[in-house]
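Trainee: I've got the model open and a list of things to ask. Can we walk through it together?

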Amino acid sequence: MKRVLTLVLPILLAAFALVACGNDSDDSSASSESEHGGDHMMTDMPSISMPMSMPAGAREIVISDFKYTLPGTFAPGEQVTVRNDDTAEHTVTADTGDLFDVEVEPGATATLTVPGQPGTFAFHCTYHPNMVGTLEVR
């Protein structure tokens with residue numbers, strides 16, 4: 001019996017905590033609704049903003065903390081925004097050939113045109129050789 005309690009009790013406590021957190025039925029939401037014309041739902045949600053220059057649905061390569069983050073695979077010839085969130089200048093430079101070489105100032109964006117043929121293309125930052133990545137084009 002003691003073993004059952006030690007297994008069941010934490011589960012029950014977690015369930016009660018979830019129910020308590022999800023229950024927002026106090027009267028403050030009703031007064032907030034009447035004071036603000038019923039739009040309190042929007043103020044409770046986190047805001048998401050996109051830079052004005054970024055079209056909706058656009059994908060981007062993000063440089064942050066001296067690392068590249070890619071959104072997945074790319075279509076041949078696709079134009080992609082490269083956003084540099086670091087305080088240092090970076091590049092996205094193909095390891096072989098001159099397929100692509102984009103320089104991005106700190107806090108700025110640039111446009112990279114993905115190679116026109118399918119394949120896997122390794123790249124690096126010319127200023128920071130430890131920064132490497134791979135473009136997959138399908």
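Trainee: Let's start with Val92, then. Which strand does Val92 lie in?
Mentor: Keep in mind that this is a predicted model. With that said, Val92 is a residue of strand β4.

Trainee: Is Val92 buried or exposed?
Mentor: The cut-off for buried is under 20% relative accessible area. Val92 comes in at 0% relative accessibility, so it counts as buried.

Trainee: What does Val92 touch, leaving out residues up to four places away in sequence?
Mentor: The list takes in Ile63, Tyr68 and Val82, and also Leu112. Phe123 and His124 are on it too. The remaining names are Phe100, Asp101 and Val102.

Trainee: How far apart are the C-alpha atoms of Val92 and Cys125?
Mentor: Along the chain these two are 33 residues apart. In space, the C-alpha atoms of Val92 and Cys125 are separated by 5.5 Å.

Trainee: Which residues of the largest nonpolar core touch the most other members?
Mentor: That core has 20 residues, and Val92 is one of those that touch the most other members. β1, β3, β4 (90-94), β5 (101-104), β6, β7 (119-124) and β8 (132-137) each give two or more residues to it. As a general matter, nonpolar side chains tend to be buried together in soluble globular proteins. The residues you want are Ile61, Tyr68, Val82, Val92, Phe100, Leu112 and Leu135.

Trainee: Phe100 is on that list. What does Phe100 touch, again not counting residues up to four places away in sequence?
Mentor: From β4 onwards you'll find Val92, Thr93 and Ala94 among its contacts. Then come Leu112, Thr113 and Pro115. Phe100 also touches Phe121, Ala122, Phe123 and Leu135.

Trainee: Now the sheets. What is the strand order in the open sheet with antiparallel pairing?
Mentor: This sheet has 4 strands. β5 and β8 stand at its edges with a single partner strand each, so each has one side without a neighbour in the sheet. The twist from one strand to the next averages 20 degrees. The order is β5-β4-β7-β8.

Trainee: Which residue of β7 is the bridge partner of Thr93?
Mentor: β4 and β7 run antiparallel and are joined by 2 bridges. In β7, the partner of Thr93 is His124.

Trainee: And what is the strand order in the open sheet with mixed pairing?
Mentor: Again there are 4 strands. Here β2 and β6 are the edge strands, each with a single partner, so one side of each lacks a neighbour in the sheet. Direction ignored, neighbouring strands are turned by 25 degrees against each other on average. The order reads β2-β1-β3-β6.

Trainee: Which pair in that sheet is parallel, β1 with β2 or β1 with β3?
Mentor: β1 and β2 pair in the antiparallel sense over 3 bridges, and Val62 stands opposite Thr69 in β2. On the other hand, 4 bridges in the parallel sense link β1 (residues 60-64) and β3 (residues 79-84). The parallel pair is therefore β1 with β3.

Trainee: Where does Val82 meet β6, and which residue is its bridge partner?
Mentor: β3 and β6 (residues 109-113) run antiparallel, with 5 bridges between them. In β6, the bridge partner of Val82 is Ala110.

Trainee: Which side chain makes a polar contact with that of Glu60?
Mentor: Glu60 sits in strand β1, and its bridge partner in β3 is Thr81. At 18% relative accessibility, Glu60 counts as buried. The contact is 2.8 Å long, and the other side chain belongs to Arg83.

Trainee: Which two residues in the loop between β1 and β2 have a positive phi, and what are the values?
Mentor: Most residues other than glycine have a negative phi. Asp65 is in that loop and is exposed, with a relative accessible area of 60%. Phe66 is in the loop as well, and is partly exposed at 37%. Phi is near 55 degrees for Asp65 and near 60 degrees for Phe66.

Trainee: Last one: what pattern does the protein chain follow along the sequence?
Mentor: The chain has 3 helices and 8 strands. Of its 138 residues, 25% are buried. Read along the sequence, the pattern is α-α-α-β-β-β-β-β-β-β-β.

Notes. Residues numbered from 1 in each chain as written. Predicted model: local features only at pLDDT ≥ 70, side-chain atom pairs only at ≥ 80, totals over all residues. Heavy atoms only, no water. Buried < 20%, exposed > 50% of the residue type's maximum accessible area, 1.4 Å probe, protein only. Polar contact = N/O pair within 3.5 Å; in protein donor to acceptor, adjacent residues only side chain to side chain. Core = buried A, V, L, I, M, F, W, Y, C linked by side-chain atoms within 4.5 Å. Contact = heavy atoms within 4.5 Å. Axes fitted to C-alpha atoms, helices over the stretch in contact; angles between N-to-C directions.
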